[in-house]
Amino acid sequence: MMRLLGSRGEGRSAPVSFERVCKRFGAVTAVDDLSLEVPNGEMLVLLGPSGCGKTTSLRMLAGLESITGGTIRIGETVVNALPPRARDIAMVFQSYALYSHLTVYENLAYPLRVRKLSKAEIDHRVRDVAQVVQIEELLDRKPRALSGGQRQRVALGRAIIRRPAVFLMDEPLSNLDAKLRLHTRGELKRFQRELATTTIYVTHDQAEAMTLADRVAIMNGGVLQQVGPPKEVYARPASVFVAGFLGSPPMNLLAVEATSDHGAPSLRIGETPIPAGDRLGASISRLRTNGNAAILGVRPEDVVLHRTEEPGSVPSEVFVVEDLGNERLVTLNAAGQYVVARVHADAPAEMGDRLWFAFDPGRAHLFDPLTERRVD
Amino acid sequence: MVGETTFERVAKYAVVAAVSMIVLLPVYWMVNMSLKGKGEFAARPPTLVVQQPTTENYYDLLVTQRFYLKGINSIVVAVIAATLAVSIGTLGAYALSRFRLPRNLNYHLLFTMLTIRMFPPIVTVIPLFAFYNREILGFKLFDSWLGLGLVHGFMELPLVLWMMIGFFRDIPRDMEEAALVDGDSRLAVLRKIAIPLAAPGLAATFILVFIASWNEFLLALILTGSKAQTLPIAVAGQIAQYDVKWGNMMAAGVITTVPVLILALLSQRYLTRGLALGGVTG
C-alpha cells in the first residue's frame, strides 16, 4: 500500500492538477479539455449548474469515474489508472454515504481499519476526531438514529480521520436545512483552514462557493469558464455565462450598440446613447462582432435610479418592485430590455413609475456577443 | 383497516378461511391418514378424524426403515446446493449489478442464465447420468451428496442471480464508493458493505434454494441409488411392487414436510421482505 501512495507520507497535503482532462459518456462530452491547477492547501470550489461536469470532474479525481483523456495528478503522482484506494483522498458525499449497518464509531474507524492500524491507535484517533466534530456522545449509535446535521458531522469526521492528501466534497451541505447549512458552512471553512489540506468542493450554490473558496472554478456544459478568487470572478466575469450565473440577482446583460457620439465612443441602449468612458470605449475595438452589437453587463448594485432625466441616463418604466427588508429590487423595462436595480429600502419606486437609470461605465463590462467573452 | 364495515371484515375473513381450507385440506388429510392403523384405513366411508391414533406408521418408517437417513441425505444435499448456488450466484450478481459490460452483455448473460430454467430437466438427465457414472480421480458423482448438490445448485443459479441483483441494486452506490475511497478493494466492499446490507435477501435466497433442492424429484431419482437417496424418492418408495403402504407414505410425507415448514416459518420475516424487495427492483 505504501508503495502505491508514492512518496507522500500520511498527513501530508498535496496539490492537484488536471491537464487537458476529458470525459465522454458515449456521444456525450461531460468534461471537455479541463486544465486546472490546485496548489497545496487551497480550497477550490467547482461551481456550476447541474450537468455542468463539476461532479464528474470530482469523481474522476476520486477514481470513481474513468478518464477519457488527459492527465490528473495528485502531488507528483499521475493517478489516471490508480484505483480510488491508492489515491490518498477522502471524500464527503452529498448523501453522506455512511455505512448504515455500522455504528458511528465503526464508521469513523473504517478507513483506519482498512489501513490495519493498531486497535489502540484507532481508538485514540476515533475519539479525537469525534471530539473535533462534536459527536462524542453519538459513537454507539447507528446512522439511522442520527439527525441530518449529525450525519453530516460523522461523514466529515470519517473524511478527516484519515489525514489524506486531498479532501473531495460533493455538495456536502445540500441536504441540510437552511439554518444548519449556514452554521456548518462556517465550521467547514475553519476545519479546512486548520487542517490546511487541499480541498476540492463541488456545489451549485454560489453563496457556498463565494464564502468557502480560496478560488472558484466555474463550469458550464463541461467547459471551465473562469478560475479565480471569489471577489475577482464576481467583479470581472470572464464570460456572459459567469456574469449571468454569479450574483443574486445576477448581472444585468443588455444588448447595446457601440457607436460614437460627436467623436466620443458611446453605447446606445434602445434610442439613448450614453458615453462609454475611456475603459469601455477602448474595448469597443476589441469586439469581433460584425456590426456594432455588444452586450453590456451592469451589476444591480451599480444601477442608479433618477426621478428626472440626467445626462447619460436611460428612460425606463418600473416593471415590478420587490422588497427584501434591507433593500429593494426594482425591475425596469427600458425599451423592451429588463434591468434590475438593487437600491436602498426606502428608495421611492412604484410599479408603472417613469424612472431614469444610470451607471458608472467604469464599473460596467462589455461582452462580445459572438464569443460571449468579456472584452474590457 | 380504516373505514371498514363489519360486513366487509366478516366477508374478508370468510374468503381467507375458505382459501385456507382448500389449501390446507390435503395437508390435514395427510396428517390424519398418517395416524391411522391398518384397520381404520380400510373403513368405508373413511373417517374424517382419526378414531384410534397410532404411531405404528412412524415407528415402521423411522425404526424399521431408518427413514431419517434419507433426511440426512436431503439436508446435506440441500445445504451443498444452497451454499454453492448462493456463493457463486452472489458473486455473479454483484458483478453484473456493478460493472457495465460492452454490447449490453450484462443483459445477454442474465438472459442466457435464465434459459437454464427454461429447458425441462429431463433433457439433461441422460447426459448427466452417463457423466456421473464415469470415474474421475477415483470418484464417481453418481449417488453422492456432492453430485446431486452440484446439479441442484446449478439449476437454481439463475434464481439466485436474479434475486441477488435486485438486492444489490437497492444498496446505495455512494456507500460502496465511500468504502472504495476509504481504501477498500471491490472484493472487500462486497464482503464488508454489500453482503451485510443484503443479508436478509441472502437468507431468503438461501432458503428458497434449500427448499427447491429439498423438493426436487426427477434428478434425485435418476442420479442417486440407495446411498444418497433423498426424501421425495423415499416417499415414493413406499409404493411397492404389489401394494402401496398408504400409512407409511403419509407418515413419510409428514416427516418430509415438517422441516421445510419450520424453516419457512422461522425465516418468514426474511422471506417476505426479501421477496418483496427483490421483486420490486429486480
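B:Val31 is partly exposed in this predicted model, because its relative accessible area of 35% falls between the limits of 20% for buried and 50% for exposed residues. The residue belongs to helix 1 of chain B, which covers residues 6-34. B:Val31 also takes part in a nonpolar patch on the surface, together with B:Val15, B:Val19, B:Ile22, B:Val23, B:Leu24 and B:Val27. The accessible area of this patch adds up to about 620 Å².

The chain that carries this patch may be considered as a whole. Chain B contains 14 helices and 2 strands. Its C-alpha atoms occupy a box of roughly 75 × 70 × 30 Å along the principal axes. Of its 282 residues, 41% count as buried. The accessible surface of chain B amounts to about 15,900 Å², and carbon and sulfur atoms contribute 72% of that surface. Among contacts in chain B with a separation of 6 or more, 70% are between residues 24 or more positions apart.

Chain A offers a sheet to examine. Four strands of chain A form an open sheet in the order 2-1-4-5, and their pairing is antiparallel. Strand 2 (28-38) and strand 5 (77-78) of chain A have a single partner strand each, so they stand at the edges and one side of each lacks a neighbour in the sheet. Within the sheet, strand 1 (residues 16-25) and strand 4 (residues 69-74) of chain A are joined in the antiparallel sense by 5 bridges. A:Cys22 has A:Gly69 of strand 4 of chain A opposite to it. Helix 1 of chain A, residues 54-62, lies across strand 1, strand 2 and strand 4 of chain A. The direction of this helix makes an angle of about 115 degrees with strand 1 of chain A.

Helix 1 of chain A leads on to the salt bridges, of which there are 26 over all chains. A:Lys54 forms one of them with A:Glu171, with 3.9 Å between the closest N and O atoms. This pair connects distant parts of the chain, 117 residues apart: A:Lys54 is in helix 1 of chain A, and A:Glu171 is in the loop between strand 7 (166-170) and helix 5 (178-195) of chain A. A:Lys54 counts as buried because its relative accessibility is 4%, and A:Glu171 counts as buried at 7%.

A further salt bridge in chain A brings together the side chains of A:Arg328 and A:Asp323, at 2.9 Å from N to O. Here A:Arg328 is buried, at 11% relative accessibility, whereas A:Asp323 is exposed, with a relative accessible area of 52%.

In chain B, the side chains of B:Arg117 and B:Glu156 meet in a salt bridge of 2.9 Å, N to O. B:Arg117 lies in the loop between helix 5 (105-115) and helix 6 (122-132) of chain B, while B:Glu156 lies in helix 7 (residues 145-170) of chain B, so the salt bridge ties together parts 39 residues apart in sequence. B:Arg117 is partly exposed at 44% relative accessibility, but B:Glu156 is buried at 7%. Beyond such pairs, A:Arg59, A:Glu65, B:Arg173 and B:Glu177 are joined into one network by salt bridges that share partners.

Terms used
Residues are numbered from 1 along each chain as its sequence is written. Chains are lettered from A and ligands numbered from 1 in the order in which they are written. This is a predicted model: local features need pLDDT of at least 70, side-chain atom pairs count only at pLDDT 80 or more; totals for chains, interfaces and linings use all residues. Side-chain values use heavy atoms; hydrogens and water are left out. Two strands pair if DSSP finds at least two bridges between them. Contact means heavy atoms within 4.5 Å. Axes are lines fitted to C-alpha atoms, for helices over the stretch in contact, and angles run from 0 to 180 degrees between N-to-C directions. Patches are made of residues with over 30% relative accessible area and no salt bridge: like charges are joined within 9 Å, nonpolar side chains (Val, Leu, Ile, Met, Phe, Trp, Tyr) within 5 Å. Accessible areas come from the Shrake-Rupley method with a 1.4 Å probe; for residues, only the protein chains shown count as cover. A salt bridge is a side-chain nitrogen of Lys or Arg within 4 Å of a carboxyl oxygen of Asp or Glu. Buried means under 20% relative accessible area, exposed over 50%, partly exposed in between (1.4 Å probe, protein chains only).
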